[in-house]
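Visitor: I would like to go through a protein model and ask what stands behind each label.

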Amino acid sequence: MNRDLPRKGLNALVSLATRRVNIECDRMPFVFEQVPMRKILNWILVEASILVKPEKPWGWPTHVQIEPTTHCNLECVLCPVTEGLGRPPRHMGLRTFQKIIDELGQHLFIILLWDWGEPFLNPSIYDMISYAKKRKIGVISSTNGHVFATGDHAERLVDSGIDYIIVAVDGVTQATYEQYRQRGDLATVKAGINRIVQARRALHSSTPLVNLRFIVMKHNEHEIPQLQEFSRSLGVDALTLRTLCTYDDGEYCVTEVDGSAFVPENPSYQPFTLDPLSQSRIRRKVNPCKVLWNNPAIHSDGKVFPCTFDPHGRVPLSDIEESSFADIWWGPSYRALRRKFRENHRHLALCRDCTYSFEGGSMGEERDREAYFFRSECQAGGVETGTMQLRPRA
């Protein structure tokens, strides 16, 4: 029996009684109050269906990953955007985003508003966030932080009502930072974070909560002891240390690019659990991924994909501009994909070498090795409020 089943069952009963739903996403806790009963029931059905993984989900998605743009202002070394996505660069139009929300909004709890590209280069991004927040949907996004150092971006971000913003900062010095975030300027990122914190204070807003995300790599692991003080000095609300997720045309075990190793030496921060004898990745017997039942990805052109790990757009299921989402979600292409995954995920090129297929690679649950919280609003149940806490993943 699934060890989490009793806990999930209790949570479901409490949610039905209180109309309050607690969901953790990307290590950040979301609390939803006065949730419509239909939305709670859909969430319970989806979570239940994940246990048996049917071809036809028992409910609508509770999460969705939406790609606002494929444009980016940096050239991060291992990112497929830098290497070339093989699809035309574009921004998602506001109308397309609104269509997604209009069709899914009454069921969604959380939107992950990023995929491949810098989300805040899309000129409609703040209108998108505001549109989703009017439907009481939680919104979390990720950024390299550069755009917030100038103009009114910080103020518009706060005004949009976004819940969380992840800022990727993989070095406490420029020399370290730029080794991976090429074309990036650490001083500009720090200024952008400062502008967000100041705007939040000036507008008397409790959001967005700012999570400084540090991807641990060989060239920056020596700076880990400095991260707590560095984060405090920036006024962020949380710090998360994540393992490296490399991507190279479907293969997830890339360790070198142009002779420069990125996988850290400290085993605690290496991307996967390795076999002690062969030092190779340990393949799981059962792939724990559940996104085929609760979290589709929609690219900037409106095409629907099974998950975020298809940056080149090779496994499109349909187009939100040409079909209703219901027809896509319960349609033959999606159902066939779920059936193949359930029978043997190794037969699917998209899943065979995904991080989820190996010990230590599950997104969030295992890749976030440490999380520090500097503000009580960031802390989930069971963590003392008002103090900095470490919550390592086992």
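The questions below take up confidence, burial, helix faces, salt bridges and a surface patch.

Visitor: What kind of model is this, and how is its confidence described?
Guide: The model is predicted. The mean pLDDT of the protein is 88, and 89% of the residues score at least 70. Over residues 248–256 the pLDDT is below 50, although this stretch has 25 contacts in the model beyond near neighbours in sequence. Residues 381–394 also have pLDDT under 50, with 36 contacts beyond four places in sequence. Where pLDDT is low, the predicted coordinates should not be read in detail.

Visitor: What does the protein contain in outline, in helices and strands?
Guide: There are 13 helices and 15 strands. Of the 394 residues, 54% count as buried. Contacts between residues 24 or more positions apart make up 71% of those with a separation of 6 or more. The accessible surface comes to about 17100 Å², and 51% of that belongs to carbon and sulfur atoms.

Visitor: Why is K134 called exposed?
Guide: The cut-off for exposed is over 50% relative accessible area. K134 has 69% relative accessibility, so K134 counts as exposed. The residue sits in the loop between helix 5 (125–133) and strand 5 (138–143). Its C-alpha is 9.9 Å from that of G105, and the two residues are 29 apart in sequence.

Visitor: How do you know that the buried residues of helix 5 line one face?
Guide: The buried residues are I125, Y126, M128, I129 and A132. Seen down the axis of helix 5, they fall within an arc of 155 degrees, so they line one face of the helix. Their cover includes helix 4 (94–104), strand 4 (110–112), strand 5 and helix 6 (153–160).

Visitor: What puts the buried residues of helix 9 on the same side?
Guide: In helix 9 (residues 227–234) the buried residues are L227, F230, S231 and L234. They cover an arc of only 95 degrees around the axis, and therefore lie on the same side of helix 9. Among the elements that cover them are helix 8 (186–202), strand 7 (209–216) and strand 8 (238–243). E229 and S233 are exposed, on the face turned away from the buried side. After helix 9 comes G235, with a positive phi near 80 degrees.

Visitor: What makes D237 and R200 a salt bridge?
Guide: The rule asks for a side-chain nitrogen of Lys or Arg within 4 Å of a carboxyl oxygen of Asp or Glu. For D237 and R200 the N to O distance is 2.8 Å, so the pair meets the rule. The pair links distant parts of the chain, 37 residues apart: D237 is in the loop between helix 9 and strand 8, and R200 is in helix 8.

Visitor: Why are D237 and R200 both labelled with the word they carry, buried or exposed?
Guide: Buried requires under 20% relative accessible area. D237 has 3% relative accessibility and therefore counts as buried. R200 has a relative accessible area of 8%, so R200 is buried as well. Elsewhere, salt bridges that share partners join D26, R213, R242 and D368 into one network.

Visitor: How do you know that E75 and R183 form a salt bridge?
Guide: The closest N and O atoms of E75 and R183 are 3.5 Å apart, and the limit is 4 Å. This pair also links distant parts of the chain, 108 residues apart, with E75 in the loop between strand 3 and helix 3 (80–83) and R183 in the loop between helix 7 (174–180) and helix 8. E75 has a relative accessible area of 34%, so E75 is partly exposed. R183 has 59% and is therefore exposed.

Visitor: What about E24 and R27, and how many salt bridges are counted?
Guide: The side chains of E24 and R27 meet in a salt bridge at 3.8 Å, N to O. E24 has 36% relative accessibility and so counts as partly exposed, whereas R27 has 3% and is buried. The count comes to 19 salt bridges.

Visitor: Why is W58 called partly exposed?
Guide: Partly exposed lies between the 20% and 50% cut-offs. W58 has 42% relative accessibility, so W58 counts as partly exposed. W58 lies in the loop between helix 2 (37–52) and strand 3 (63–66). Together with L45, L51 and V52, W58 forms a nonpolar patch on the surface, with about 360 Å² of accessible area together.

Conventions
Residues numbered from 1 in each chain as written. Heavy atoms only, no water. Buried < 20%, exposed > 50% of the residue type's maximum accessible area, 1.4 Å probe, protein only. Helix = DSSP H or I, 4+ residues; strand = E, 2+ residues; numbered from the N terminus. Arc of directions from axis to C-beta. Contact = heavy atoms within 4.5 Å. Patch = residues over 30% accessible without salt bridge, like charges linked within 9 Å, V, L, I, M, F, W, Y side chains within 5 Å. Areas by Shrake-Rupley, 256 points an atom, 1.4 Å probe, with all protein chains shown as cover. pLDDT = per-residue confidence, 0-100.
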